[in-house]
Amino acid sequence: MKNIDQLRAHGLFDAKVPRYTSYPPANHFENGVGHDKQVDWLSAVSGEEGISVYIHIPFCKRLCWFCACRTQGTKTLRPVDAYVEFLRSEIRAVRAALPKGVSMARLHLGGGTPTILSVKTMSLLLSEVFSAFTKTDDFEFSVEVDPTEASDQLLETLVNFGLNRVSLGVQDFAPVVQDAIGRSQSLEQTHHVIDFLRARGVAAFNLDLLYGLPHQTMESFKETLDHVIAMKPDRLAIYGYAHVPWMSKRQVLIKSDDLPDNEVRFELAMLAQKTLVNQGYDAIGIDHFALPTDKLAIAQNEGCVRRNFQGYTDDQCETLIGFGASAISKFKQGFLQNAVATSAYQDRINQNQMAAHKGYKLTVCDGVISKVVEDLLCRFALDNSALNAEFPEQATFIRAISVMLMQRYSDAFHISKNGLQMNGWAKPLVRIIANSVDTFSSTEVAHSSAI
Ligand code: SF4
């Protein structure tokens, strides 16, 4: 059987499965896991630990039609300035609940549009963060920058606070595609931000593209790929567009008839992979690419790429603390998510409550499955030796997972030194395979296409 037929036989072109940026996926977090758990889990973080910090800015000046991010449109900066005051209160409250010695290894500002903040408000926010947390020696500060919004003064401010990695959303440069997704962004705007920051010593850039957008063709996407390669980013993330208008109201503005079908989506994804690998990028997991000198590619060579809410990462921190509306925190005990609506989040902070409103406490079995899912998504492997070393009491369960995978996907795996390894052709199936070990698995319409 040809590989494409094998992929089809395993349901690649029909399946809807989670992206597995966490296990369990966030739609399985439970209500009632809030303030008390947050206080308990924060106080249990080791005082020796370096943590990751994520700050969510849920505002944008324009709302792009394709985007399913948790964000709201605003014409003025008044609600943004007010929100940042709540963030500052939350940072102080969380810091007070953490043991003294905890330091910060990563800081990431995401959204929404973090670069919507004025210079003054950004300075207040970052001063609060840096006075709350001391930095580890290998500290990394990254920001999602919107090239259509960010002023030179704001970029300069970020550099002065130590910005050393930048993430830029591109999606696609073809005008017909940009018109159909409600987001215009010129090549010049994107070049300007990169050149401006490179001239000030920022060396690390991620660019995000989307395949599966309306009117995208192999030719138009190849042109976009050529444009971004010319910008020489260290990393690229090439995600499949998830058309879920029943969840993200703005997407009703995108006509389903203009979208490429799943087989074309697959060809677009393969085009991106082939083009980038030919240009010297290493493929990381299912949708990331990195130059061999980049920390993510180095982590891949060392077998320690991780997966978190931002996708693939070399971040090894056990604890991630999310600040702001809807932000998710990860602890060794489980996950917590802050109140989602900005008003509900602000109400909690006003009432001197921690912001978490739901979450999930991992059982031992969840912990095993979580590692299996991460191993599959990051290394296309099941490392029985490592799992048995970490969960010595769960040897029977680990073996049962391994046997199930070999029986159900015998053509997709071969036996390796430490367990199972996926065959190259089968890698696009990895989210479907991860779904087969997912005990929360459902046919929820919330999930996106497997390709
Ligand atoms: S793509 Fe960026 S600017 Fe557009 S709505 Fe989403 S978060 Fe806002």
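## Ligand shell, sheets and one loop residue

Setting aside sequence neighbours up to four places away, Gln316 makes contact with Cys304 and Arg306. The model is predicted. Gln316 sits in the loop that joins β14 (311-313) to β15. Its relative accessible area is 42%, so Gln316 counts as partly exposed. The C-alpha atoms of Gln316 and Val244 lie 32 Å apart, with a sequence separation of 72 residues.

**Strand β3 and its partners**

The loop holding Gln316 leads to β15, and β15 (residues 320-323) pairs with β3. That pairing is parallel and has four bridges. Within it, Tyr54 has Gly322 of β15 as its bridge partner.

β3 covers residues 50-57. It also pairs with β6 (residues 103-111), again in the parallel sense, over eight bridges. Here Ile51 stands opposite Met104 of β6. How much of β3 is buried? Seven of its eight residues are, leaving the strand mostly covered. In a regular strand, side chains point alternately to the two faces of the sheet.

**The ligand shell**

Ten residues would be a long list to read at once, so here it is in sequence order: Cys60, Arg62, Leu63, Cys64, Phe66, Cys67, Gly112, Thr113, Asp146 and Arg183 surround the ligand. By class, the shell has five nonpolar, two polar and three charged residues. Three of the cysteines carry a database note: the unreviewed UniProt entry places the feature "binding site" at Cys60, Cys64 and Cys67.

Two of these cysteines can be set side by side.

| Residue | Relative accessibility | State |
|---|---|---|
| Cys60 | 9% | buried |
| Cys67 | 14% | buried |

Why do both count as buried? Buried means under 20% relative accessible area. Cys60 has 9%, so Cys60 falls under that cut-off. Cys67 has 14%, so Cys67 does as well.

Their settings can be read from the chain. Cys60 belongs to strand β4 (residues 59-60). Cys67 is in the loop between β4 and β5 (72-73).

Which residues does Cys60 touch, apart from those up to four places away in sequence? They are Thr71, Gln72, Gly73, Thr74, Gly112, Thr113 and Ile116. Gly112 and Thr113 appear in the ligand shell too. Cys67, with neighbours within four places left out, is in contact with Ser248 and Arg250.

**The sheet of β19, β21 and β20**

This sheet is open and has three strands. Their order is β19-β21-β20, with antiparallel pairing. β19 (381-383) and β20 (413-415) are the edge strands. Each has a single partner strand, so one side of each has no neighbour in the sheet. From one strand to the next, the twist averages 25°.

What joins β20 to β21 (residues 419-422)? Three bridges do, and the two strands run antiparallel. Ile415 has Leu420 of β21 as its bridge partner.

A helix covers this part of the structure's description too. Helix α12 (residues 364-379) lies across β19, β20 and β21. α12 runs at about 135° to β19.

Key: Residues numbered from 1 in each chain as written. Predicted model: local features only at pLDDT ≥ 70, side-chain atom pairs only at ≥ 80, totals over all residues. Heavy atoms only, no water. Near = heavy atom within 4 Å. Nonpolar A, V, L, I, M, F, W, Y, C, P; charged D, E, K, R; others polar. UniProt positions renumbered as here; feature names shortened; annotations may be inferred. Buried < 20%, exposed > 50% of the residue type's maximum accessible area, 1.4 Å probe, protein only. Contact = heavy atoms within 4.5 Å. Pairing = 2+ DSSP bridges. Axes fitted to C-alpha atoms, helices over the stretch in contact; angles between N-to-C directions.
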